[in-house]
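Student: Before we start, I would like to go through this model and ask what stands behind each label. Please set each value against its cut-off.

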Amino acid sequence: MSEATPPIRRALVLSGGGGRGAYEVGVWRRLQEIGWQPDIICGTSIGAINGALIGSGWDADRLEQLWASLHDKNIFKLSVWRRIKYRVNKLLGRQPDWPAFMDNEPARRMLTEILDLQRLRQDQPRVVVAATNVRRAKLEYFSGAELTAEHILASCSIPAIFPWCEINGELYWDGGVMANTPIAPAISAGATEILVVLMAPLAGEQVDLPQSTRQALAWAFDMITIGSAQNLTRGLAYHLGGDFRDFESGLAEHHCVEIGGIRIGVVEPTRASGLDSVLDLEQGNVKARIEAGYADARDQLQKMFVQT
């Protein structure tokens, strides 16, 4: 007789954000420090990578060491050959591959080497990653026995930056296209204590108006990310039967709110990071984001953990 699957109580939800994902390492360090272990981890994009490594048994020290080495692994490597191949095929009238700017092979090799897929498939904790089906414009979640390094790579395939990934005849892009903060699987699994890590603040601070096209694009990206987080709170309030204004004010004041029998905590940066941070793996900035994640988790989750 097989053992019963343990109930899922605690959920860790990790948002996408490329190089900003170092922030999640600092949050994980704080969670380990206080002994908070998730039963389910839901991740999108870089959150899928961090989540899969946590699910593979990585502690904060090991995760931080990986982030310290990412710059040397050419994760953000320009794909000149892919661009040439695309142009040649188009000139010859052939069906061209998608002309991505960067090569995802370094990331594929890294994930294949470091992931413990056997452990991930044991669902202790369960790891769920989100990816966007390109042809069907549909968000899909993958976990358990079906989970592979390719699914996690697909979750990180930022459109036009990286090529899409083909899995079982379907093409997938970054899960953040449709759900940058994938909380739905945690709720569906019955989690009653959900910790969400965001890559942008819930409420944006007043900033100076952009003075260049580059600044305008950077701020537009941050506005999209912030808007995604704000829509998350409103969607949760609607789903759980609460007033989103009370929900938002509770998160803004305490970073913790209880609604519909579910306690939700949020860790968020204190200010927006800008578009450049998505592809930024400069070690000084990586270290600063890790430290910020730790400090914000320590300061923002006091109310949530007093009750835990």
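**Labels and what they rest on**

Tutor: This is a predicted model. Take P125 to begin with, which sits in the loop between α6 (117–120) and β3 (126–133).

Student: What makes the peptide bond between Q124 and P125 a cis bond?

Tutor: Its omega is about 0°, and the bond joining Q124 and P125 is cis. Most peptide bonds are trans.

Student: What is notable about the phi of N168?

Tutor: Phi of N168 is near 50°, a positive value in a residue other than glycine. Most residues other than glycine have a negative phi. N168 belongs to the loop between β5 (165–167) and β6 (170–174).

Student: Why is N168 called exposed?

Tutor: The relative accessible area of N168 is 78%. The label applies over 50%, so N168 counts as exposed.

Student: What about H255, and where does it lie?

Tutor: H255 is in the loop between α10 (244–254) and β8 (256–259). Its phi is positive too, about 60°, although H255 is not a glycine.

Student: Is H255 buried or exposed, and how do you know?

Tutor: H255 has a relative accessible area of 13%. Buried means under 20%, so H255 is buried.

Student: Why are A216 and D276 given the label in between?

Tutor: A216 has a relative accessible area of 34%, and D276 has 48%. Partly exposed covers the range between 20% and 50%, so the label fits A216 and D276.

Student: Where are A216 and D276 placed?

Tutor: A216 is in helix α9 (residues 213–240). D276 is in the loop between β9 (262–267) and α11 (283–300).

Student: Which residue is set against A216 by C-alpha separation, and how far apart are the two?

Tutor: That residue is L275, 59 residues from A216 along the chain, with their C-alpha atoms separated by 9.7 Å. For D276 the partner is Q215, 61 residues away in sequence and 9.9 Å away in space, C-alpha to C-alpha.

Student: What share of the contacts in the protein chain links residues 24 or more positions apart?

Tutor: Such pairs account for 74% of the contacts with a separation of 6 or more.

Student: Now the helices. Why is α1 called roughly antiparallel to α3?

Tutor: The axes of α1 (residues 22–33) and α3 (residues 60–69) come within 9 Å and cross at roughly 165°. Angles over 145 degrees count as roughly antiparallel, so α1 is roughly antiparallel to α3. The crossing is left-handed.

Student: Which residues make that contact between α1 and α3?

Tutor: On α1 they are A22, V25, W28, R29 and Q32, and on α3 they are A60, D61, L63, E64 and W67. By class, six are nonpolar, one is polar and three are charged.

Student: Why is α2 called oblique to α3?

Tutor: α2 and α3 pack at an angle of about 140°, with their axes 10 Å apart. Roughly antiparallel needs an angle over 145 degrees, and roughly perpendicular runs from 65 to 115. The angle fits neither class, so α2 is oblique to α3. The crossing of α2 and α3 is right-handed.

Student: Which residues of α2 and α3 meet?

Tutor: I46, N50, L53 and I54 in α2 meet L63, L66 and W67 in α3. Six of these residues are nonpolar, one is polar and none is charged.

Student: How do α1 and α2 cross?

Tutor: Their axes come within 10 Å and cross at roughly 35°, and the crossing is right-handed. E24, V25 and W28 of α1 are in contact with I46, G47, N50 and I54 of α2.

Student: W67 keeps appearing in these contacts. What does W67 touch beyond its neighbours within four places in sequence?

Tutor: W67 is in contact with G18, G19, G21, A22, V25, I46, N50, L281, Q283 and V286.

Student: Which members of the largest nonpolar core touch the most other members?

Tutor: They are L12, W67 and L195, in a core of 54 residues. A second, separate core has 26 residues, among them I40, C42, V128 and I259. In soluble globular proteins, nonpolar side chains tend to be buried together.

Terms used:
Residues are numbered from 1 along each chain as its sequence is written. This is a predicted model: local features need pLDDT of at least 70, side-chain atom pairs count only at pLDDT 80 or more; totals for chains, interfaces and linings use all residues. Side-chain values use heavy atoms; hydrogens and water are left out. A nonpolar core is a set of buried Ala, Val, Leu, Ile, Met, Phe, Trp, Tyr and Cys residues joined through side-chain atoms within 4.5 Å. Buried means under 20% relative accessible area, exposed over 50%, partly exposed in between (1.4 Å probe, protein chains only). Contact means heavy atoms within 4.5 Å. Axes are lines fitted to C-alpha atoms, for helices over the stretch in contact, and angles run from 0 to 180 degrees between N-to-C directions. Helices (H or I, at least four residues) and strands (E, at least two) are DSSP runs, numbered from the N terminus. Angles under 35 degrees count as roughly parallel, over 145 as roughly antiparallel, 65 to 115 as roughly perpendicular and the rest as oblique. A crossing is left-handed if the near helix is turned anticlockwise from the far one by less than a right angle, and right-handed if clockwise. Ala, Val, Leu, Ile, Met, Phe, Trp, Tyr, Cys and Pro count as nonpolar, Asp, Glu, Lys and Arg as charged, and the others, Gly among them, as polar.
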